[in-house]
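These are my notes on the model, set out as numbered points for you to check against the coordinates. They begin with how the elements are named and then go through confidence, one helix pair and a few single residues.

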Amino acid sequence: MARTELTLGELTARDHAFYGLVWAGTTLSAKVDQALGKAHDLPLSWFEVMLWLHGQDEPVAASDLGAKTLLSRSQVSRVADSLQARGLVERAPSPVDARSVRLALTNEGRRVFAAADATRRAVLAEAFDDRLDDADIAALEAVWAKLKRPAAPAPASAPTPGT
């Protein structure tokens with residue numbers, strides 16, 4: 001049976017740009033997730049938590065990770081449980097809040113992260129890095145910077161006559 005060629009139809013350039021971002025994020029995430037799972041038995045969500053922990057000099061609160069990752073605080077907590085069960089993350093009591101714990105990578109977590117990061121980079125080399133030049137990367141960085149900025153407040157509307 002022949003495949004039907006699907007299109008998005010009559011969409012604006014902005015619509016195409018948006019769906020392009022969605023496609024790129026979904027496609028690249030799926031490739032990385034599959035490779036990390038196969039090579040390291042490590043889902044992408046676990047890797048993301050490890051990525052943020054790897055960049056820290058001190059243990060961090062799960063709530064801080066939830067604010068930086070694409071995961072909710074409860075998801076971060078479940079991921080931390082799984083990482084701790086594998087000996088990749090350790091929990092320590094917060095020095096300022098007795099109700100809170102802080103998370104840090106163990107030495108084994110740092111070793112596994114380094115190996116997983118090499119896998120991630122290899123996957124992205126073919127699907128991302130090799131296809132984009134320095135100007136493309138600079139353009140993407142400029143776009144991400146604009147999209148990450150807080151939205152400007154809406155202008156105040158003019159008063160309606162008679163009010």
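1. On naming: helices here are DSSP runs of H or I with at least four residues, and they are numbered from the N terminus. In that scheme G66 belongs to helix α3, which spans residues 62–68.

2. The model is a predicted one, and its confidence should be considered before any detail is discussed. The mean pLDDT of the protein is 89, with 96% of the residues at 70 or more. Among the elements, helix α3 has the lowest mean pLDDT, at 83, whereas helix α5, residues 107–127, has the highest, at 96. As a general caution, predicted coordinates should not be read in detail where pLDDT is low.

3. How do helix α2 and helix α4 pack, in terms of the angle and the distance between their axes? Helix α2 covers residues 44–54 and helix α4 covers residues 73–85; their axes lie 10 Å apart and make an angle of about 85°. Angles from 65 to 115 degrees count as roughly perpendicular, and α2 and α4 are therefore roughly perpendicular to each other. On the α2 side the contact is made by S45, W46, V49 and M50, which meet V79, S82 and L83 of α4. By class, the residues of this contact comprise five nonpolar and two polar ones, with no charged residue.

4. Returning to G66 in helix α3, I would note its relation to V76, which is 10 residues away along the chain, with a C-alpha separation of 6.1 Å. When residues up to four places away in sequence are not counted, G66 touches L71 and V76.

5. T69 sits in the loop between α3 and α4. Is T69 buried or exposed? Its relative accessibility is 8%, and because buried means under 20%, T69 counts as buried. Leaving aside neighbours within four places in sequence, T69 is in contact with E48, W52 and V76; of these, E48 is 21 residues from T69 in sequence, while the C-alpha atoms of the two are 6.9 Å apart in space. The side chain of T69 also reaches the backbone nitrogen of L71, at 3.1 Å.

6. D41 deserves a look at its backbone, since this residue has a positive phi of about 50° although it is not a glycine. D41 is placed in the loop between α1, residues 13–40, and α2. Its relative accessible area is 56%, and because exposed means over 50%, D41 is classed as exposed.

7. A further loop residue is R131, found between α5 and α6, the latter being residues 134–148. R131 is exposed as well, with a relative accessible area of 62%. Which residues does R131 touch, not counting those up to four places away in sequence? They are E126 and D136, and for E126 the backbone oxygen lies 3.3 Å from a polar atom of the R131 side chain. By contrast with these contacts, the C-alpha atoms of R131 and V143, 12 residues apart along the chain, are separated by 18 Å.

Key. Residues are numbered from 1 along each chain as its sequence is written. This is a predicted model: local features need pLDDT of at least 70, side-chain atom pairs count only at pLDDT 80 or more; totals for chains, interfaces and linings use all residues. Side-chain values use heavy atoms; hydrogens and water are left out. pLDDT is the predictor's confidence in each residue, from 0 to 100. Helices (H or I, at least four residues) and strands (E, at least two) are DSSP runs, numbered from the N terminus. Axes are lines fitted to C-alpha atoms, for helices over the stretch in contact, and angles run from 0 to 180 degrees between N-to-C directions. Angles under 35 degrees count as roughly parallel, over 145 as roughly antiparallel, 65 to 115 as roughly perpendicular and the rest as oblique. Contact means heavy atoms within 4.5 Å. Ala, Val, Leu, Ile, Met, Phe, Trp, Tyr, Cys and Pro count as nonpolar, Asp, Glu, Lys and Arg as charged, and the others, Gly among them, as polar. Buried means under 20% relative accessible area, exposed over 50%, partly exposed in between (1.4 Å probe, protein chains only). A polar contact is a pair of N or O atoms within 3.5 Å; within protein, one must be able to donate a hydrogen and the other to accept it, and residues adjacent in sequence count only if both atoms are side-chain atoms.
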